[in-house]
Amino acid sequence: MLKEKFIKYLRNEKNYSSHTEISYFKDLTQFEEFIKEKCHSFEPVQIERDHIRMWIAHLIEQGVKSVSVNRKLSALKSFFKYLEREGVVSKSPAEHVSGPKKSKKLPSFANDNDLSNILDIENKSSEDFNTVRNTFILYFLYVTGMRRSELIHLKDCDIDFYSKNIRVLGKRNKERIIPLADTTIEKLKDYIYIRNREVENNSPFLFVKNNGEPLYPKMVYNIVREQLDEIPTLSKKSPHVLRHSFATEMLNNGAEINAVKELLGHSSLASTEIYTHVTFEELVKVYNNAHPRAKK
């Protein structure tokens, strides 16, 4: 009866939707059945924190997604809070129980083989400025790992050809230095030569439109998306995919995670750690495809 009274309370006093009522009722019934199976009876006053934690562990083992587990825990918390208010229990056993963290969605990325053809500037037959610039934008985002906004605000004066690096102004005006390989320096020089030849450029910005005006975010997004369309297996096609690709390839090829953190301009290592999950996924895939015993 307590469960039914609780649902009426949600409907009449909390104005919860019928959908939420049904979900909460199912969640509470599921918890009640679990406790009865483990303890042979269900008495709310006898429920302890460990019983709830045990149920959460059981749900996770059954493959229930963290979003659903947290919703079920929310139903329990509301139920025991109601029982506490009604004087049935002196204190809610669910009060300080935490649910599982939401699983982070792994970032979409392209590997170097996928990108090799569209990144090969030398194979582009056209010397049209837009074609050269668009290809170089894709290349530059991939080899530096910088954000779209950072690329748009780059200026010629940010390049140090002697020391072979570029100065980037990131989030919260945090400055970082990204090293450039010899090949990147040469491609950069070629791009600047064609830009200066083809465009009347009085702008200080490195990347400009063919009338000399600076680029804008949507334009860069469209430039990248159009070129990444050549990779049909790629689920997402945006400038950030190239940043993800940069980080993933760096870690897959032995770079220290702290070094990748600095190159990306992350303020916290937690932001970079997601790429270790990506590389592990790749490792599992390689193992399953390559090891003779993996499929037996």
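Biologist: Along β3 the side chains alternate, so to speak, between two faces; which of them point to one face and are buried?

Modeller: Happy to start there, bearing in mind that this is a predicted model. Along β3, Glu175, Ile177 and Pro179 point to one face and are not buried. The side chains that point to the other face, and are buried, are Arg176 and Ile178.

Biologist: Nice. What is the order of the strands in the open sheet?

Modeller: The sheet is open and has three strands, with antiparallel pairing. β1 (159-160) and β3 (175-179) each have a single partner strand, so they stand at the edges and one side of each is left without a neighbour in the sheet. The order is β1-β2-β3.

Biologist: How many bridges join β1 to β2, and which residue is the bridge partner of aspartate 160?

Modeller: β1 and β2 (residues 165-169) run antiparallel, and two bridges join them. Isoleucine 159 stands opposite isoleucine 166 in β2. For aspartate 160, the bridge partner in β2 is asparagine 165.

Biologist: And on the β3 side, which residue is the bridge partner of isoleucine 166?

Modeller: β2 and β3 also pair in the antiparallel sense, over five bridges. Isoleucine 166 stands opposite isoleucine 159 of β1, and has a bridge partner in β3 as well. That partner in β3 is isoleucine 178, one of the side chains of β3 that are buried.

Biologist: Let's look at the turns. Which residue in the turn between β1 and β2 has a positive phi?

Modeller: β1 and β2 form a hairpin, with four residues between them. The hairpin of β2 and β3 has five residues between the strands, and there arginine 172 takes a positive phi near 55 degrees. In the turn between β1 and β2, the residue with a positive phi, of about 60 degrees, is lysine 164.

Biologist: On to the helices: at roughly what angle do the axes of α9 and α10 cross?

Modeller: The axes of α9 (residues 217-228) and α10 (residues 239-252) come within 8 Å. The two helices are roughly perpendicular to each other. Their crossing angle is roughly 65 degrees.

Biologist: How do the residues of that contact divide into nonpolar, polar and charged?

Modeller: From α9 the contact takes Val220, Tyr221, Val224 and Leu228, and from α10 it takes Pro239, Val241 and Leu242. No polar and no charged residues are counted in the contact. The nonpolar residues number seven.

Biologist: What about salt bridges, starting with glutamate 13: which side chain does it meet?

Modeller: The count for the model comes to 19 salt bridges. In this one, glutamate 13 lies in the loop between α1 (2-12) and α2 (18-39), and its partner lies in helix α4 (residues 66-85), 72 residues apart, so the pair links distant parts of the chain. Glutamate 13 is exposed at 51% relative accessible area, and its partner is partly exposed at 48%. With 3.3 Å from N to O, the partner is arginine 85.

Biologist: Is glutamate 32 buried or exposed?

Modeller: Glutamate 32 meets lysine 36 in a salt bridge, 3.1 Å from N to O. Both lie in helix α2, four residues apart, about one turn of the helix. Lysine 36 is partly exposed at 41% relative accessibility. Glutamate 32 has 17%, and since the cut-off is under 20%, it counts as buried.

Biologist: Which residue forms a salt bridge with arginine 53?

Modeller: The partner lies with arginine 53 in helix α3 (residues 49-61), three residues apart, about one turn of the helix. Arginine 53 is partly exposed at 41% relative accessibility, while its partner is exposed at 52%. The closest N and O atoms are 3.9 Å apart, and the partner is aspartate 50.

Biologist: Last one: which residues do salt bridges that share partners join into one network?

Modeller: Glutamate 32 and lysine 36, the pair in helix α2, both belong to this network. With Lys3 added, the network is Lys3, Glu32 and Lys36.

Notes. Residues numbered from 1 in each chain as written. Predicted model: local features only at pLDDT ≥ 70, side-chain atom pairs only at ≥ 80, totals over all residues. Heavy atoms only, no water. Pairing = 2+ DSSP bridges. Axes fitted to C-alpha atoms, helices over the stretch in contact; angles between N-to-C directions. Parallel < 35°, antiparallel > 145°, perpendicular 65-115°, else oblique. Contact = heavy atoms within 4.5 Å. Nonpolar A, V, L, I, M, F, W, Y, C, P; charged D, E, K, R; others polar. Salt bridge = Lys/Arg side-chain N within 4 Å of Asp/Glu carboxyl O. Buried < 20%, exposed > 50% of the residue type's maximum accessible area, 1.4 Å probe, protein only.
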